[in-house]
Amino acid sequence: SESSSVTSVIPSKTRSGNASVSLLLFDPTSSNSMLIPRPTECVSSAEDARDLTKQLQEKDRRIQFLECKLQQLTEDSAAAFEEHQKLKDENAALLRAITKLK
């Protein structure tokens, strides 16, 4: 005689609101069924989703702040480079003038 069993996946919620999964093993030749809890990846609750959303928003704000700071530093660096070039040119002109006076 052939024996077969049926396995069903049964979703449920834990007390913390996270989803869990159990397997229900059913053997039609027996009157016994067995519920076997299986660990699964945690499915976030609404509170966890809100926390993750807040974290993401905070990281977005931080990224925007750093992008603005980077832009300002880039502009400052360009201005410093421009001033450096100007002073370098003035120094070269002064050195030429000094050389002519000698």
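**Exercise 1. How much area does the protein expose, and what share of it do carbon and sulfur atoms supply?**

Solution. In this predicted model, the protein exposes about 9,300 Å², and carbon and sulfur atoms supply 57% of that area. Turning from area to residues, buried residues make up 6% of the 102 residues in the protein.

**Exercise 2. Establish the order of the secondary-structure elements, and state where the confidence is lowest and where it is highest.**

Solution. Begin with the inventory, which comprises one helix and three strands; read from the N terminus on, these elements run β-β-β-α. Next, consider the confidence: the mean pLDDT is lowest in strand β1, residues 6-13, at 51, and highest in helix α1, residues 46-101, at 95. Over the protein the average is 77, with 57% of the residues scoring at least 70. Where pLDDT is low, the predicted coordinates should not be read in detail.

**Exercise 3. Identify the residues that form the salt bridge, and decide whether each is buried, partly exposed or exposed.**

Solution. The structure holds one salt bridge, and Glu58 forms it with Arg61, the closest N and O atoms being 3.0 Å apart. As for their placement, Glu58 and Arg61 both belong to helix α1 and, because they are three residues apart there, about one helical turn separates them. For the accessibility, recall that partly exposed lies between under 20% (buried) and over 50% (exposed) relative accessible area. Glu58, at 44%, therefore counts as partly exposed, and Arg61, with 46%, is likewise partly exposed.

**Exercise 4. What share of the contacts with a separation of 6 or more joins residues 24 or more positions apart?**

Solution. Within the set of contacts that have a separation of 6 or more, residues 24 or more positions apart account for 18%.

Technical notes:
Residues are numbered from 1 along each chain as its sequence is written. This is a predicted model: local features need pLDDT of at least 70, side-chain atom pairs count only at pLDDT 80 or more; totals for chains, interfaces and linings use all residues. Side-chain values use heavy atoms; hydrogens and water are left out. Helices (H or I, at least four residues) and strands (E, at least two) are DSSP runs, numbered from the N terminus. Buried means under 20% relative accessible area, exposed over 50%, partly exposed in between (1.4 Å probe, protein chains only). Contact means heavy atoms within 4.5 Å. Accessible areas come from the Shrake-Rupley method with a 1.4 Å probe; for residues, only the protein chains shown count as cover. pLDDT is the predictor's confidence in each residue, from 0 to 100. A salt bridge is a side-chain nitrogen of Lys or Arg within 4 Å of a carboxyl oxygen of Asp or Glu.
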